[in-house]
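Dear colleague,

Please find below the structure that I am handing over to you, followed by a summary of what was found in it. I would be grateful if you could read the notes alongside the coordinates.

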Amino acid sequence: TNVGGPDSSFGVWHEQLDLVVSVAQEYGLLIERVHTHIGSGSDPLVWQRVSEMSLELVSRIDSVTILNLGGGYRVGRMQSDAGGSTDLSAVALPVRHGFEKFAAETGRKIHVEIEPGTFLLANSGAVLCTVQDKVRTSERTFLKLDAGMTDVLRPALYGAQPVSYTHLTLPTKRIV
């Protein structure tokens with residue numbers, strides 16, 4: 001998903017940085033944090049390049065002490081996902097070196113923030129529901145559940161597939 005660039009309404013485009021800095025100076029505002037959006041990816045070279053570009057922006061604003069490398073990490077949700085989930089150690093190493101190089105060159109130690117997003121929880125949840133009805137056609141059998149698209153949006157939005165289904169048989173008698 002592309003949520004950046006000149007066709008996006010998120011944030012401030014890098015070409016407008018000088019305007020942002022001048023407005024902050026005019027109104028006596030202190031810019032302490034820069035937040036960039038890398039996107040959910042797992043390529044260490046992309047993370048390295050984007051973090052270097054972000055640090056270049058930080059170098060232009062002396063008051064910045066925090067750089068947020070937002071966007072999350074790729075999560076392999078399906079067996080067919082090539083590459084699977086992001087290898088955090090592979091991504092972190094080149095980014096760390098970039099921050100260390102920046103500190104050595106500028107004397108500024110920038111605090112890094114990350115947004116793991118769904119990386120921590122994507123494959124750890126479950127939806128519990130019950131079958132309300134069963135409908136058979138000549139081609140398929142459909143189960144109507146008391147859960148729907150509002151409970152699990154990823155398949156409808158991104159074509160994602162659940163990792164697995166588990167069938168539980170519950171007692172038919174109400175236990176009090």
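**Salt bridges**

The side chains of K101 and E105 form a salt bridge, with an N to O distance of 4.0 Å. Please bear in mind throughout that the model is a predicted one. K101 and E105 both belong to helix 3 and lie 4 residues apart, which means that about one helical turn separates them. K101 is exposed, at 53% relative accessibility, and E105 is likewise classed as exposed, with a relative accessible area of 59%.

The total number of salt bridges is 5. Another of them joins the side chains of R33 and E113, at 3.0 Å from N to O. This pair connects distant parts of the chain: R33 sits in strand 1 (residues 33–37) and E113 in strand 3 (residues 111–114), with the two positions 80 residues apart in sequence terms. R33 has 45% relative accessibility and therefore counts as partly exposed, since the exposed class begins over 50%. E113 is also partly exposed, its relative accessible area being 21%.

A further salt bridge is found between the side chains of E56 and R60 (4.0 Å, N to O). The relative accessible area is 40% for E56, which is partly exposed, and 37% for R60, which is partly exposed as well. These residues are not an isolated pair, for a network of salt bridges links D18, E56 and R60.

**Overall architecture**

The protein has 176 residues, of which 22% are buried. Its secondary structure consists of 4 helices and 5 strands, and the order of these elements from the N terminus is α-β-α-β-α-β-β-β-α. If one takes the contacts between residues at least 6 apart in sequence, 67% of them join residues at least 24 apart. The accessible surface of the protein amounts to about 13,400 Å², and carbon and sulfur atoms account for 55% of that area.

**The nonpolar core**

In soluble globular proteins, nonpolar side chains tend to be buried together. In the present model, the largest nonpolar core comprises 20 residues, and those touching the most other members are W47, V58, I61, L67, L69 and F99. Two or more residues of this core come from each of helix 1 (17–26), helix 2 (44–59), strand 2 (66–70) and helix 3 (88–106).

Which residues does F99 touch, if those up to four places away in sequence are not counted? The partners of F99 are L55, L67, L69, I110 and V112. Of these, L67 and L69 are themselves listed with F99 among the core residues that touch the most other members.

**A nonpolar surface patch**

Nonpolar side chains also appear at the surface: L19, V23, Y27 and L29 make a nonpolar patch of about 430 Å². Y27 is located in the loop between helix 1 and strand 1. With a relative accessible area of 57%, Y27 is exposed, because the cut-off for that class is over 50%.

When you open the model, I would suggest beginning with the pair R33 and E113, which links strand 1 with strand 3, and then turning to F99 and its contacts with L55, L67, L69, I110 and V112.

With kind regards

Key
Residues numbered from 1 in each chain as written. Predicted model: local features only at pLDDT ≥ 70, side-chain atom pairs only at ≥ 80, totals over all residues. Heavy atoms only, no water. Core = buried A, V, L, I, M, F, W, Y, C linked by side-chain atoms within 4.5 Å. Buried < 20%, exposed > 50% of the residue type's maximum accessible area, 1.4 Å probe, protein only. Contact = heavy atoms within 4.5 Å. Areas by Shrake-Rupley, 256 points an atom, 1.4 Å probe, with all protein chains shown as cover. Patch = residues over 30% accessible without salt bridge, like charges linked within 9 Å, V, L, I, M, F, W, Y side chains within 5 Å.
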